[in-house]
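Me: I'd like to learn how to read a ligand site. Could you walk me through one?

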Amino acid sequence: MSTKTCWGIIGTGNIAGKFADATRFVEDAEPLAVGSRSQETADIFGKRHGIPRRYPRYEDLVGDPDIDAIYVATPHNSHHINTLLALEAGKHVLCEKPLAVNAGEAEEMIVMARKKGLFLMEAMWTRFLPAWVDIKARLDAGEFGAIRSLQADFGIELAYDPKHRLFNPDLAGGALLDLGIYPLSLAFWLLGQPETTSSWAELAPTGVDQRAAITLTYGGGRFAQLNTASDVWSMGEAQIVTEKAIVRVHRLFLDARSYEVVDFDKTEIVRKPYENGFEFEVRHAGERIASGQTESEVMSLDESLEIMRAMDALRAEWGVKYPFE
Ligand SMILES: NC(=O)c1ccc[n+]([C@@H]2O[C@H](COP(=O)([O-])OP(=O)(O)OC[C@H]3O[C@@H](n4cnc5c(N)ncnc54)[C@H](OP(=O)(O)O)[C@@H]3O)[C@@H](O)[C@H]2O)c1
């Protein structure tokens, strides 16, 4: 049985390019085709990344019988429709984060994938990086004792542009869905579902969130403090306080190549370099697809749905509603 996965990519933007380059580091991944909204863009992208088949419509891409799986790399508001298109055509899907714009959309995608028996996963690449795999394994093994708190932030300073993906409500913009999802997903991964959530947000003139502070509590005094912003920088670090040590992941925690374990009298530095960053999620998805699994145990569909529900609740609290909702 072949273990190779032939990938088709929907979209030709920044992150589609990073994915195409990542496949070079994965033996069993072949970037076979790309789909764009125009032939010209598909050709430029295909030439740049060595992708032989280039389609001018996403419908044509998913109709290619030689493609096993589709990587969805379009703006947030298109994840739902592009994923359904691929699933309906019988393709497995790795969909960029956030899985969808809201829980309703995510549920439809999950129901369809399960009904069709196809693989679907949110491309939360951070969870597959060697540094984070290592940290999670050590935490799960109890090496540091229980987690007491988590602090994580991800903020970037963009000049305000109402048309930009991050500020444009028509593209489901906002700091939370684009950037804040990293610290939020980390909190769900390490601490599970919170008992309480409290938050503050400041909105951009377009009505989407541009700064937010979120506190989650878990009982037993455990808590997570998360920040995000699209108009002001933050260090982009994560700090996990445990019973025996503090695990520090420096800027940027989401693309960690090393981490520190700070004990009372010593600091252990662990380096886990890599080439691209997406190669680990590509390999993970390919292996699951080849072995007939329809979900990832690392980024499960139920957890993606819980995270979407948490983001829905935060946006409702802040009064952020997209025009198409
Ligand atoms: N994992 C990560 O590190 C990471 C980082 C950044 C972004 N992302 C996620 O990846 C997705 C894409 O982000 P990106 O930075 O690659 O965006 P981008 O550079 O704007 O590219 C998006 C692509 O989607 C296609 N598209 C379809 N409908 C579109 C529309 N209405 N407006 C604009 N483009 C449209 C376009 O390709 P065609 O014109 O060829 O159809 C475009 O090139 C987002 O969901 C984002 O959250 C992930």
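Reply: Sure. Let's start with the idea of a polar contact: a pair of N or O atoms within 3.5 Å. Keep in mind that this model is predicted.

Me: How far is the polar side-chain atom of arginine 165 from an oxygen atom of the ligand?

Reply: That distance is 2.6 Å. Glycine 13 uses its backbone instead, with an N or O atom 3.0 Å from a ligand oxygen. On the nitrogen side, a ligand nitrogen sits 3.3 Å from a side-chain N or O atom of glutamate 96. As for cover, the ligand has 880 Å² of accessible area on its own, and the protein covers 80% of that.

Me: Which residues around the ligand come nearest?

Reply: For the shell, look for heavy atoms within 4 Å of the ligand. There are 22 such residues, and Thr12, Ser36, Tyr58, His79 and Arg165 come nearest. By type, the shell has 8 nonpolar, 9 polar and 5 charged residues. Helices H1 (14-22), H4 (76-88) and H7 (175-191) each give it at least two residues.

Me: And where does the ligand sit relative to the pockets?

Reply: A pocket is an open set of grid points, found with the protein atoms alone. Here, the ligand takes up the space of the largest pocket, whose volume is about 960 Å³. Its lining counts 35 residues, with Asn14, Ile15, Lys97, Arg165 and Asp178 closest to the centre.

Me: What makes up that lining by residue type?

Reply: It divides into 15 nonpolar, 12 polar and 8 charged residues. Helix H4 gives the largest share, 4 residues.

Terms used. Residues numbered from 1 in each chain as written. Predicted model: local features only at pLDDT ≥ 70, side-chain atom pairs only at ≥ 80, totals over all residues. Heavy atoms only, no water. Polar contact = N/O pair within 3.5 Å; in protein donor to acceptor, adjacent residues only side chain to side chain. Areas by Shrake-Rupley, 256 points an atom, 1.4 Å probe, with all protein chains shown as cover. 1 Å grid on protein atoms, 1.4 Å probe; cavity = no way out; pocket = protein on both sides within 12 Å on 5 of 7 lines; lining within 4 Å. Sits in = over half its atoms within 2 Å of the grid points. Nonpolar A, V, L, I, M, F, W, Y, C, P; charged D, E, K, R; others polar. Points joined across faces, edges and corners; volume = space filled by probe spheres on them.
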